Amino acid sequence: MLLCRGSALSRTVARLGRRSHPGDGLLHRTLSFSSSRCRCLSSGEVRAESGSAPALYRDTVLLPRSEFPMKLTGQKLLEREVQTQQDCGFADLYSWQRERKAKKEFCLHDGPPYANGDPHVGHALNKILKDIRNRFEMLRGRQIHFLPGWDCHGLPIELKALGELGTSGLSPLQIRQKAREFAQGAIARQKAAFQRWGLMADWDQCYYTYDGAYEAAELKVFQEMHSKGLIYQDYKPVFWSPSSRTALAEAELEYNPEHVSRAIYATFPLSTLPPGMAPDGLEGGVSVLVWTTQPWTIPANQAVCYMPNAQYSVVNRADNSQLLLVATERTASVAALLGTELETVGTFTGSQLGGGICTHPTIPDKLVPLLPANHVTMAKGTGLVHTAPAHGMEDYSVASHFKLSVECIVDEDGKFTQLAGPELQNLPVMKEGTDRVISMLEDAGALVKEEQCVHSYPYDWRTKQPVVIRPSKQWFINTASLKDKAKEALQKVRVLPESARGSLLSMLDRRTYWCISRQRSWGVPIPVFYHRETGEALINKHIVSHIATLFKEKGSDCWWQLPIETLLPDNVLKKSDAGPVTDYVRGEDVLDIWFDSGASWAAVLEEETEGETAESPLSWLPAPLRKPLVAESDTRADAYVEGKDQIGGWFQSSLLTSVAVRNKAPYKSLMVHGFAVSEKGEKMSKSLGNVVDPDVVINGGKEPSTPAYGADVLRWWVAESNIFSEVQIGPSALNSARDSIGKLRNTLKFLLGNLQGFDPRTQAVDPKQMHYIDQYMLHQLREYSIKVTDAYSEYDAGRAIRVLQAFINRELSSFYFSIIKDRLYCDPEDSLGRRSCQTVLEEILDGVTRSISPILPHLAEEVYLHAPGHDEGETLFRSGWIKSSSVWRRPGLEEAVEGACAIRDSFLSSIPGKNAAQYDLTIAIEPGLLFELMESLQEEASSTSSQLAELMTVARVTLTCALPRDLPPDALLSHGTFLINLEGGVIREDSAYSIAAVPTAAARCPRCRRYTAESADCLCPRCQPIVSQAH
Ligand SMILES: [Zn+2]
């Protein structure tokens, strides 16, 4: 025995509790071998021995038993999941947690999916991510506020609902009726799927953007923004979809990078040379060369713009002597394009071009000025820009500045109007209209060159048809004036991943206004009236709030149903200083659906303020939901969790409306995830035939390659994916998810099997009384629970899974489970050693089950039904998160066990392919810290049953300061060192050890199969009394 060491060491040793008290039998279990009498077997009994414990002793060995099925597949799996949902109260869980007392709330505001189709895998990805977070927060004791919602209005629903028929001959109310029915059908199908996926919500308490109360809350936002001067009406170019006959917002565009345009180079003859250009040599007449990808806009041309600071040249075409004006730096590429030499005749600065006037190439007598503009670039074209104010955004700004006419030559169907002239009228501008304009230019001798131009061009996101730019009278939000405030508000928001913040900010920059009016019927009407004679808009807070009240009571159908006298009653007219109601007609536009959903914070998150009960947007909700944000009543959601397409969509529209009304963001954090793609990384589409249907994933399809996986596999796939990038789904991802759950199931079955007959409430062993190795596992379990909690907190369920798998593979399967089997199966049932182990196994079962429950709620509840330690009817989700204790923390112990493991590894590598159980092991360590640590695991010099012997899984361990000189010749020697690191690095000691492994002389015990018996027909000293008692 040792040893005088410093005080730090004494503390360490004291913490390990090495100095046991007399009678502390568990920690230093020793059995007296010499005095034990050997119970001998008859030769018949020996022969009866088979692969497992011999038949004679089988009933004295405590093998794992559990009714928990090893494997569930096909119909049985599906029935089990649905049964678990019913037995464990999935449907009531949300209301249950709303009603319990909680200190803190967690509000995840659901971005409303669009009610226009069947549930798809993108829904699964989004909703399951949200549910994992909600369940995690709920288990940790927070009260969850989560109202599922649907985005119900808009053209795509209208189009799908009406089908081939279109709107022809239908009144707005008829269209709305059909669209509503269509949306309701889609909502019902999506809702059923969401429930089957196991999402925690009260499915009777959802929000719908077509609900009257929701519409009223939305109008309130509209009114506030209008009162602040942020909403205005204007006539300006907007993106217009001829295929949908409506204006579109930027968020409703999809840019097609493969779009092919017929780009042209055309000349505008200069009829008046700019005074800054000397006429010498230019008498022959100079033409301005322009380039455009949209030739159909030429008839609407009002100017040609130049860059004032650039250099321009007049060049002479070598092939036909035509004089052209182009930007100097574009000369070379124009020459290459035309396939001729261009000889420079004169050079000027842009500002010298002022005062020049061209004649329009196809409209006789029409004069077109040369004007300076900032948007001219030298990246392509000629450095001289054809300007059609009605059909280009920048063109329109030039027109506003120089007071040019903004004449629209395109109608709502995308055809030329009368203004374009008789030759063009009624031709679709993108097709025959373009052809005709080009041939007119050719006839006029103005077409210099035509080429195909492949470029990115905006398409209608729903009809997949190209859009045009045309001016119309629309309602706008002045987003430019909100931009700075919105950016400031965004700085206070946590964005996950942080890299998405840049995209959010640049999206805000890109948008200077937001067109919110749509020329359709299926939406929330813009509450505005127009004067019959003047067309002037009548809108103010009295009108909007009166209409909001009507919508709340009757729904927005009343806009079309009620007589105008009810919509615009006398008292409202009076407050508005307006004339008689007969002077007015109601507006026919509805709000953009992005405004609908962008106002959801007002309908779902806003707190009811006292004295305003009747007005509260939440008064339609039942009482527990009406007071959503009890503890943190700043009416911001804790999180919005959506796909990256919402960076320019709902994230932004919600931010803009909330900043406009409340001067703050509607969310404290944003989580932005990627899209679901096929296993080849392709976007899913019906034409590619790679669409994964979540219903087929769960219930199985017709092909053998599409088995029924159940909801938990779908959830595991979501959790395991790298959700911040593209998320791949297909057979291999799903099979791998199923296999991972299968392995987990095996581990859980092993745990459950060894807990048969154990009740932790009465039989649990106090950690201080436990075997060190068991205490060590509690320490590891605590570390595990910290890591897994941390991963969930960061929305990183994938990391939670990796932490779980590492814990199961490394700590449990290959370490702990392999060394405790002897104690579990062969020690007396009620012995302290076995109960100590079972106490830990029960904690591990509970910890692991809870840790995976946010991802696999079905499996978790199924395990909980079989698990000991709670009353019937209790469910996992009603009993909280992992209950790890700080008492479990034993860093010194970690060093002891890990030191022993290092020695074990050295030993095992010295006997490759051999059975460790057949060896006696001598461990020699020089006096020091490592020796003391090992001595805490084995107090005797030599033992077959110490904790150290259990850890080494050998027949006998002898612990000594130096290897004996008289080792037998077949002894296998190995050496190593172990760095002890205690007290956070204060104690560091590199300790050397030597080990000698010698084949044991002992015989295998026929019951426990350890090599600790005196002879092969003899039970070992441990097994003897057990068998005696049993027989
Ligand atoms: Zn035995």
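Which residue lies over the face of Trp240, and at what distance from the ring centre? Here are some notes to help you find your way around this predicted model.

1. Let us start with that question. Arg470 is the residue over the face of Trp240, at 4.5 Å from the ring centre. A similar arrangement involves Arg135, placed over the face of Phe90 at 5.1 Å from the ring centre.

2. Next, have a look at the zinc ion. Four sulfur atoms coordinate the zinc ion, the SG atoms of Cys1005, Cys1008, Cys1020 and Cys1023, at 2.2 to 2.4 Å. Along the chain these donors are spaced as C-x2-C-x11-C-x2-C. The site is tetrahedral, with angles of 104 to 114° among its four donor atoms. For orientation, the ideal angle for four tetrahedral donors is 109.5 degrees.

3. Two of those cysteines deserve a second glance. Cys1020 counts as buried because its relative accessibility is 2%, and Cys1023 counts as buried at 0%.

4. Now to the aromatic rings, where the count comes to 25 aromatic pairs. Tyr265 and Trp291 make a tilted pair, 6.4 Å centre to centre with 45° between the planes. This pair links distant parts of the chain, since Tyr265 sits in strand β7 and Trp291 in strand β8, 26 residues apart. Both Tyr265 and Trp291 are buried.

5. Phe651 and Tyr667 have ring centres 6.5 Å apart and planes at 80°, so this pair is edge-to-face. Phe651 belongs to helix α22 and Tyr667 to the loop between α22 and β26, so the pair ties together parts 16 residues apart in sequence. Phe651 and Tyr667 are both buried.

6. Finally, one aromatic cluster is worth finding: Trp150, Phe194, Trp197, Trp203, Tyr208, Tyr210 and Trp522 form it together.

Note on methods: Residues numbered from 1 in each chain as written. Predicted model: local features only at pLDDT ≥ 70, side-chain atom pairs only at ≥ 80, totals over all residues. Heavy atoms only, no water. Donors = N, O, S within 2.8 Å, 3.2 Å for Na, K, Ca; no water. Tetrahedral: all angles 85-135°; square planar, octahedral: opposite > 155°, others 65-115°. Buried < 20%, exposed > 50% of the residue type's maximum accessible area, 1.4 Å probe, protein only. Phe/Tyr/Trp six-rings, centres within 6.5 Å; stacked < 30°, edge-to-face > 60°. Helix = DSSP H or I, 4+ residues; strand = E, 2+ residues; numbered from the N terminus. Lys NZ or Arg CZ within 6 Å of the ring centre and 35° of its normal.
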